[in-house]
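Biologist: I'm new to this one, and I'd like a close look at the ligand site. Could you walk me through it, and then through the sheets that make up the protein around it?

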Amino acid sequence: MAEFPDVRTLPLDETARAALAERGLEYRLIENERAAVMEAWSHAVRRGFAGSELTAEEVADWREPMSWRRVTGVYDSASPQADRPIATASSWVAPMTVPGGTLPSWAVSTVTVAATHRRRGVARQLLEAELRDAHAAGVPAAGLTASEATIYSRYGFGPATKIATWKVDARRARWAAPDAPGRVQYIDREDAALLMGQLHERTLPARVGEIPGWPRRWRGRVALAEDKNDVARAVRYVDEAGEPRGVMAYQIEGNPESDRGGELTIRYLIAEDDVALAALWRFALEHDLVGTVTAHMRPVDEPLPWLIDDARVAVSSVTDHGWLRILDVPASLEARTYAADASVILRVTDPQGYADGTWRVDIADGRALVTESEDEPDVALSVVELSAVYLGGFSLPVLRAAGRATGSAEAIDALDAALRVPRAPFLSIVY
Ligand SMILES: CC(C)(COP(=O)(O)OP(=O)(O)OC[C@H]1O[C@@H](n2cnc3c(N)ncnc32)[C@H](O)[C@@H]1OP(=O)(O)O)[C@@H](O)C(=O)NCCC(=O)NCCS
């Protein structure tokens with residue numbers, strides 16, 4: 001990945017600063033080494049996501065992940081709690097996995113505006129500033145996960161990865177796959193968090209749409225941070241040589257001794273190979289006193305239905321998850337590999353200008369060469385749709401059917417075939 005400046009040293013965007021100042025608000029870069037400032041900022045984020053007040057321990061937990069980010073806040077000096085920002089954001093440059101490599105993406109996170117200051121254009125200032133900063137730093141794309149699907153298209157973001165919630169009536173699910181040769185073992189949650197980090201790092205290249213995680217993310221998955229509890233447990237799968245190949249955090253709620261049985265929720269499951277993945281699913285499905293198994297934030301192409309004798313018992317509901325915003329079309333298209341050859345003139349519209357233009361896209365031997373063109377386009381779409389299909393998780397012919405892309409069926413199909421990936425793009429964390 002190309003070297004980018006330390007985002008923490010970049011100056012505040014002047015346009016947003018001036019626009020907010022006109023409304024009596026102060027846009028500030030947060031000195032995240034100053035504990036008191038960060039504490040008030042962290043409380044504001046939690047309040048923004050409608051959570052309870054943070055405990056002292058939780059405030060301390062926030063420091064590490066914020067130490068490597070650029071942290072910003074908007075302050076209202078007229079507020080009785082003037083030390084708490086009325087709006088927050090943080091960002092960093094994350095290498096997002098794409099076919100054949102990584103795409104540097106400007107990750108935007110912790111975007112909140114206080115309920116007292118909502119719908120006055122404050123978030124718009126923050127988001128537009130983040131995109132200007134990313135573009136000025138030469139970062140070819142921006143990424144985020146969204147609390148609601150209606151917020152970010154106006155800034156050029158498109159949904160690029162999906163997640164599924166899988167629900168299984170465990171009492172009807174009979175295991176139909178081979179026995180795993182290794183063993184499933186309980187482990188301490190601290191150890192599980194470490195193993196999650198290691199396995200995530202090792203398996204990153206196998207899925208497109210992922211970004212690296214960080215310690216607090218894994219501690220959250222085992223309920224030692226964020227929604228802490230003492231109900232969660234962790235198991236790992238070790239292969240015949242005793243090597244850990246997978247780890248799962250889960251919790252059981254409800255009344256395990258009732259007719260319905262307990263409800264087992266998989267908090268996080270990561271495996272280095274298919275055998276480990278299957279073994280951990282089996283552990284959950286065959287757990288005694290459990291009636292239902294639910295797993296959130298899982299791939300849409302989970303092999304689960306093929307592991308049990310009645311595929312209908314595994315029910316999934318799908319939603320968008322990772323959002324992508326291409327800022328530099330040639331750099332983004334040239335960063336990934338392709339499944340088929342194609343040659344198209346591509347017209348991209350972008351109200352914010354960054355990705356706007358017409359390009360000749362020549363894809364041969366798995367690589368794209370993208371040059372500016374003045375020819376008539378074969379395919380036309382906006383940056384939102386281009387960002388949505390970029391990882392191969394959404395179908396260009398389907399977008400065409402919805403009127404979200406235009407072009408001949410041949411050109412659309414050719415570009416779509418080039419963009420396809422063997423496994424569904426998947427981002428396993430929230431940021
Ligand atoms: C989402 C949030 C940041 C928006 O902040 P805001 O300052 O009210 O947003 P703005 O006033 O700048 O709105 C800008 C535009 O987005 C729209 N918008 C804002 N929030 C929206 C939402 N939740 N759903 C749909 N549209 C939304 C506004 O209507 C406005 O539209 P327009 O200018 O294109 O006509 C704020 O409501 C919030 O903090 N929500 C809770 C935390 C959260 O969900 N954060 C997002 C994390 S991913």
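Modeller: Here's a walk through the ligand site, followed by the two sheets. Keep in mind that this is a predicted model.

Let's start with the ligand. It is surrounded by 21 residues, and the closest of them are Arg119, Gly121, Ser147, Glu148 and Arg154. If you sort the residues of that shell by character, you get nine nonpolar, six polar and six charged. Two elements each supply at least two residues of the shell: strand 4, which covers 101–113, and helix 4, which covers 122–136.

Now for the polar contacts. Glu148 uses its side chain: an N or O atom there sits 2.8 Å from a nitrogen atom of the ligand. With Arg120 it's the backbone that takes part, with a polar atom 3.1 Å from an oxygen atom of the ligand. Ala123 also has a polar backbone atom 3.1 Å from a ligand oxygen. As for how covered the ligand is, on its own it would expose 890 Å², and the protein buries 76% of that.

Strand 4 takes us from the ligand shell to an open sheet of seven strands, with mixed pairing and the order 1-2-3-4-5-14-6. Strand 1 (25–29) and strand 6 (158–159) are at the edges with a single partner strand each, so one side of each has no neighbour in the sheet. Further in, strand 5 (residues 141–145) runs antiparallel to strand 14 (residues 322–326), and five bridges join the pair. If you want one to find on screen, Thr145 has Gly322 of strand 14 as its bridge partner. Helix 1, residues 14–22, packs on this sheet and touches strand 1 and strand 2 (70–76). The direction of helix 1 makes about 150° with that of strand 1.

There's another open sheet of seven strands, also with mixed pairing, and its order is 8-9-10-11-12-7-13. Here the edges are strand 8 (183–186) and strand 13 (314–320), each pairing on one side only. From one strand to the next, the twist averages 25°. Within this sheet, strand 7 (residues 162–169) pairs with strand 12 (residues 290–298) in the antiparallel sense, over five bridges. Asp169, for instance, has Thr292 of strand 12 as its bridge partner.

Two helices to look for pack on this sheet. Helix 5 (residues 189–203) touches strand 9, strand 10 and strand 11, and its direction makes about 130° with that of strand 10. Helix 7 (residues 274–285) touches strand 7, strand 8, strand 9, strand 10, strand 11 and strand 12, with its direction at about 170° to that of strand 11.

Technical notes: Residues numbered from 1 in each chain as written. Predicted model: local features only at pLDDT ≥ 70, side-chain atom pairs only at ≥ 80, totals over all residues. Heavy atoms only, no water. Near = heavy atom within 4 Å. Polar contact = N/O pair within 3.5 Å; in protein donor to acceptor, adjacent residues only side chain to side chain. Areas by Shrake-Rupley, 256 points an atom, 1.4 Å probe, with all protein chains shown as cover. Helix = DSSP H or I, 4+ residues; strand = E, 2+ residues; numbered from the N terminus. Nonpolar A, V, L, I, M, F, W, Y, C, P; charged D, E, K, R; others polar. Pairing = 2+ DSSP bridges. Contact = heavy atoms within 4.5 Å. Axes fitted to C-alpha atoms, helices over the stretch in contact; angles between N-to-C directions.
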